[in-house]
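Trainee: I should like to study this protein with you, beginning with its charged side chains. May we look at the sequence and the structure together?

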Amino acid sequence: MDFISVDQSDNLFWLGRYVERVCLTLSYLDKLYDVLLDSDSKAYQEFCRKLNIPDIYRDDVEFLQKYQFDQNNPDSLYSNLSRAYDNGIILRNSISSAALAYIQMSLDKLKQGEKIGAYALLNQQIIDYLLAFWGCLDERVYNAQERSLIKAGRYLERLDMQLRLGAPLPHMEITLGRLERRLRGAKIPFDEGKFLLVSAFIQMGIDDPEQRAKVLELTDQLIKE
């Protein structure tokens, strides 16, 4: 097995986190659009609170524009996908130019959406590109540890967002199992005691905001420095 440096491990892990963050957020936004348009124009404020990002938006229209497309907003989808691309450029020899191209095409679609003001129209196309990115990794990344590093980032990000945005507990249990397999495959040191506590919280099936806050805090502490 080839040696993987600390920096490369970090790039692989965060590539997975950023891509998954954008892909999942787009899926959640599809539901939020309907709420904003049909019933509650301020629903984006609760969305920001749950994701722990600053609510810097005057109204729902500005939220839809700046949260998706603003290159100067560090929390925007464009900024997060740009970070994924920056990691991907460094890792091109590991992940392949074909996989990187799906991130580039997704960025291009975000730019297109900004120009035509299409808040939801292009989202499914971007999601499709990012899902193709994951499929391409399975075909093109031959080093099992590298694949596991990327997917450990993916599943940790998914668990974090599921906890924040109210995913059903059985969904989180599935994610946790996938995360454990990838952490072990990536040889990432993690706190097994905290991991067991997270698993126990989820398996108890008592779904309330206080429980989710506790599990989220434990999740943030899983990876050892």
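**Charged pairs, core and confidence**

Mentor: The side chains of R21 and E157 form a salt bridge, 2.9 Å from N to O; a salt bridge is a side-chain nitrogen of Lys or Arg within 4 Å of a carboxyl oxygen of Asp or Glu. The model is a predicted one, in which local features need pLDDT of at least 70, side-chain atom pairs count only at pLDDT 80 or more, and totals for chains, interfaces and linings use all residues. Residues are numbered from 1 along each chain as its sequence is written, and side-chain values use heavy atoms, with hydrogens and water left out.

Trainee: How many residues apart in sequence are the parts that R21 and E157 tie together?

Mentor: Helices are DSSP runs of H or I with at least four residues, numbered from the N terminus. R21 lies in helix α1 and E157 in helix α8 (residues 144-165), so the pair ties together parts whose separation in sequence is 136 residues.

Trainee: Is E157 buried or exposed?

Mentor: Buried means under 20% relative accessible area, exposed over 50%, and partly exposed in between, with a 1.4 Å probe and protein chains only. R21 has a relative accessible area of 22% and is therefore partly exposed. E157 has a relative accessibility of 3%, so E157 counts as buried.

Trainee: Which residue meets D138 in a salt bridge?

Mentor: The distance in this salt bridge is 2.5 Å, N to O, and the partner of D138 is K151. The pair links distant parts of the chain, with D138 in helix α7 (residues 123-140) and K151 in helix α8, 13 residues apart. D138 is partly exposed because its relative accessibility is 42%. The residue asked for is buried, at a relative accessible area of 7%, and is K151.

Trainee: Why does C23 form no bond with C136?

Mentor: A disulfide is a pair of cysteine sulfur atoms within 2.5 Å, and the structure holds zero disulfides. C23 is buried because its relative accessibility is 7%, and C136 is buried because its relative accessible area is 10%. The closest cysteine sulfur to that of C23 is in C136, which is too far for a bond because the distance is 15 Å.

Trainee: Which helix gives the most to the largest nonpolar core?

Mentor: A nonpolar core is a set of buried Ala, Val, Leu, Ile, Met, Phe, Trp, Tyr and Cys residues joined through side-chain atoms within 4.5 Å. Of the 70 residues in the largest one, L15, F63, Y67, I95, F133 and L179 touch the most other members. With 13 residues, the greatest contribution to this core comes from helix α1 (residues 6-38).

Trainee: Which side chain does that of Q68 join in a polar contact?

Mentor: Q68 is found in helix α3 (residues 60-69) and, at 1% relative accessibility, counts as buried. A polar contact is a pair of N or O atoms within 3.5 Å; within protein, one must be able to donate a hydrogen and the other to accept it, and residues adjacent in sequence count only if both atoms are side-chain atoms. At 3.0 Å, the side chain in polar contact with that of Q68 belongs to Y33.

Trainee: Which helix of the protein chain has the highest confidence?

Mentor: The predictor's confidence in each residue, from 0 to 100, is called pLDDT. The protein chain averages 94, and 99% of the residues score at least 70. Confidence is lowest in helix α11 (residues 209-220), at a mean of 90, and highest, at 98, in helix α4 (residues 77-90).

Methods: Helices (H or I, at least four residues) and strands (E, at least two) are DSSP runs, numbered from the N terminus.
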